[in-house]
Amino acid sequence: MTDSEEELGLLETLDHLLDRGVVIAGEAVVSIGDVDLLYLGLNIVLANVDAIIRTSQPKQIK
Amino acid sequence: MKHVVIGAHLEEGDIEPLAGAIPVADLWLSGMPIDDAQPLGDRELLLRIAQTRAALLDRATFIAIRYGFTAHGQSDAAAKCAAHIERWGRLLREYRGMVEMTLKVAAASPRARPDRHDFESGAAYIRALHAATRAAEVVPEFRSAVDATLAPLAVRHRWSTRDTASLEFAALVRRESVAALNDAGSALKRDFASVPFLLSGPWPLEVFADDHE
């Protein structure tokens with residue numbers, strides 16, 4: 001496997017970890033150091049826009 | 001101490017000793033124990049959980065919980081998951097022995113990403129982004145070939161838009177069909193050398209376990 005293939009595999013794995021699966025509402029906090037990187041208080045961790053739309057109502061998005 | 005929850009499983013034996021097993025009603029959650037103060041954005045933790053997730057899938061099919069959900073013990077986990085348990089149990093029994101495969105393909109004519117400054121509200125901007133995402137389309141011949149060769153190998157399948165530049169074909173397949181699906185993917189690579197796509201998996205139940213499907 002080439003370095004670029006390994007990198008692609010890792011990116012794909014992390015994409016699935018961060019952007020797929022069932023969301024438990026209100027329990028999504030990703031922090032770096034002592035700083036909460038993302039906390040929307042909704043159903044979202046690190047998600048792309050399509051995932052946000054899938055898992056929440058527009059009126060809930062701050 | 002808390003657990004970063006990885007997934008929901010039917011059997012305790014599907015989890016241990018690869019990860020911690022937390023009983024929730026008649027199901028089990030797999031989790032990685034970490035110190036309360038440990039940040040979830042830690043790179044090593046992310047990679048460790050990704051590796052454990054893959055090892056757990058080798059054992060048995062499970063429902064993936066999106067990264068970021070934590071539980072402080074059994075009662076906390078039970079309270080937070082109560083609304084999902086019945087549905088998870090039904091899905092796990094129905095889809096036992098199945099995994100997901102995904103094929104991401106670049107859009108034939110990617111749409112321009114909307115400019116935030118053109119919108120007065122965040123909600124309008126998000127809607128415009130979503131509209132641009134949904135407008136993405138794949139080369140028709142490629143999509144037809146996927147529908148003709150990969151879809152018949154799946155128990156269920158679905159096309160969805162991921163962003164303004166790509167689409168995704170998700171397939172729920174029996175484990176014994178994974179090799180045939182990969183072979184079909186290799187044939188697509190030969191037949192559509194100019195179409196950038198990535199076939200990956202097996203993955204746990206993600207797309208087909210989503211409450212919002």
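## A walk through a predicted two-chain model

In chain A, residues 31-49 keep a pLDDT under 50, and for this stretch the model has 53 contacts beyond four places in sequence. This is a predicted model, so that is a useful place to start. Where pLDDT is low, the predicted coordinates should not be read in detail. A second stretch of chain A, residues 56-62, also stays under 50, with eight contacts beyond four places in sequence. Across chain A the average pLDDT is 59, and 37% of the residues score at least 70. Which element of chain A carries the highest mean pLDDT, and which the lowest? Helix α1(A) is at the top with 81, while strand β2 of chain A, residues 35-38, is at the bottom with 47.

With that in mind, let us look at how chain A is laid out. Its elements are two helices and two strands, and from the N terminus they follow the order α-β-β-α. Of its 62 residues, 40% are buried. Among contacts in chain A with a separation of 6 or more, 19% are between residues 24 or more positions apart.

Chain B has six helices and nine strands. Its C-alpha trace spans about 50 × 50 × 30 Å along the principal axes. Buried residues account for 51% of the 213 residues in chain B. If you take the contacts in chain B between residues at least 6 apart in sequence, 72% of them join residues at least 24 apart.

A good landmark in chain B is an open sheet of four strands, ordered β7-β8-β6-β9 and paired antiparallel. Strands β7 (156-163) and β9 (197-203) of chain B are at the edges; each has a single partner strand, so one side of each has no neighbour in the sheet. On average, neighbouring strands here are turned by 20° against each other, direction ignored. Inside the sheet, β6 (residues 98-106) and β8 (residues 166-174) of chain B are joined by nine bridges in the antiparallel sense. One position to look up is Glu100(B), which stands opposite Leu172(B) in β8(B).

The two chains meet at this sheet. Helix α1 of chain A, residues 3-19, packs on the sheet and touches β6, β7 and β9 of chain B, with its direction at about 60° to that of β9(B). To see this helix from the side of a single residue, find His16(A), which is in helix α1 of chain A. Is His16(A) buried or exposed? With a relative accessible area of 0%, His16(A) is buried. Not counting residues up to four places away in sequence, His16(A) touches Arg53(B), Thr102(B), Ser200(B), Trp203(B) and Glu206(B).

The same helix of chain A also packs against a helix of chain B. Two packed helices are described by the angle between their axes and the distance between the axes. For α1(A) and helix α1 of chain B (residues 43-59), the angle is about 85° and the axes are 10 Å apart. An angle from 65 to 115 degrees counts as roughly perpendicular, and α1(A) and α1(B) are therefore roughly perpendicular to each other. On the α1(A) side the contact is made by Leu10(A), Thr13(A), Leu14(A), His16(A), Leu17(A) and Leu18(A), and on the α1(B) side by Leu46(B), Leu47(B), Ile49(B), Ala50(B) and Arg53(B). By type, the residues of this contact are eight nonpolar, two polar and one charged.

Back within chain B, two residues make a helpful pair to inspect. Phe192(B) is in the loop between α6 (178-191) and β9 of chain B, and at 17% relative accessibility Phe192(B) counts as buried, because the cut-off for buried is under 20%. Beyond neighbours within four places in sequence, Phe192(B) is in contact with Glu141(B), Phe142(B) and Ala145(B). Phe192(B) and Val139(B) are 53 residues apart in sequence, with a C-alpha to C-alpha distance of 10.0 Å. Ser186(B), in helix α6 of chain B, is partly exposed, with a relative accessible area of 38%. The C-alpha atoms of Ser186(B) and Val139(B) are separated by 18 Å, and these residues are 47 apart along the chain.

We finish at a hairpin. Strands β2 (residues 20-24) and β3 (residues 27-34) of chain B run antiparallel and are joined by five bridges. Val24(B) stands opposite Leu27(B) in β3(B). Two residues lie between the strands of this hairpin, and Ala25(B) in the turn has a positive phi of about 50°.

Methods:
Residues are numbered from 1 along each chain as its sequence is written. Chains are lettered from A and ligands numbered from 1 in the order in which they are written. This is a predicted model: local features need pLDDT of at least 70, side-chain atom pairs count only at pLDDT 80 or more; totals for chains, interfaces and linings use all residues. Side-chain values use heavy atoms; hydrogens and water are left out. Two strands pair if DSSP finds at least two bridges between them. Axes are lines fitted to C-alpha atoms, for helices over the stretch in contact, and angles run from 0 to 180 degrees between N-to-C directions. Contact means heavy atoms within 4.5 Å. Buried means under 20% relative accessible area, exposed over 50%, partly exposed in between (1.4 Å probe, protein chains only). Angles under 35 degrees count as roughly parallel, over 145 as roughly antiparallel, 65 to 115 as roughly perpendicular and the rest as oblique. Ala, Val, Leu, Ile, Met, Phe, Trp, Tyr, Cys and Pro count as nonpolar, Asp, Glu, Lys and Arg as charged, and the others, Gly among them, as polar. pLDDT is the predictor's confidence in each residue, from 0 to 100.
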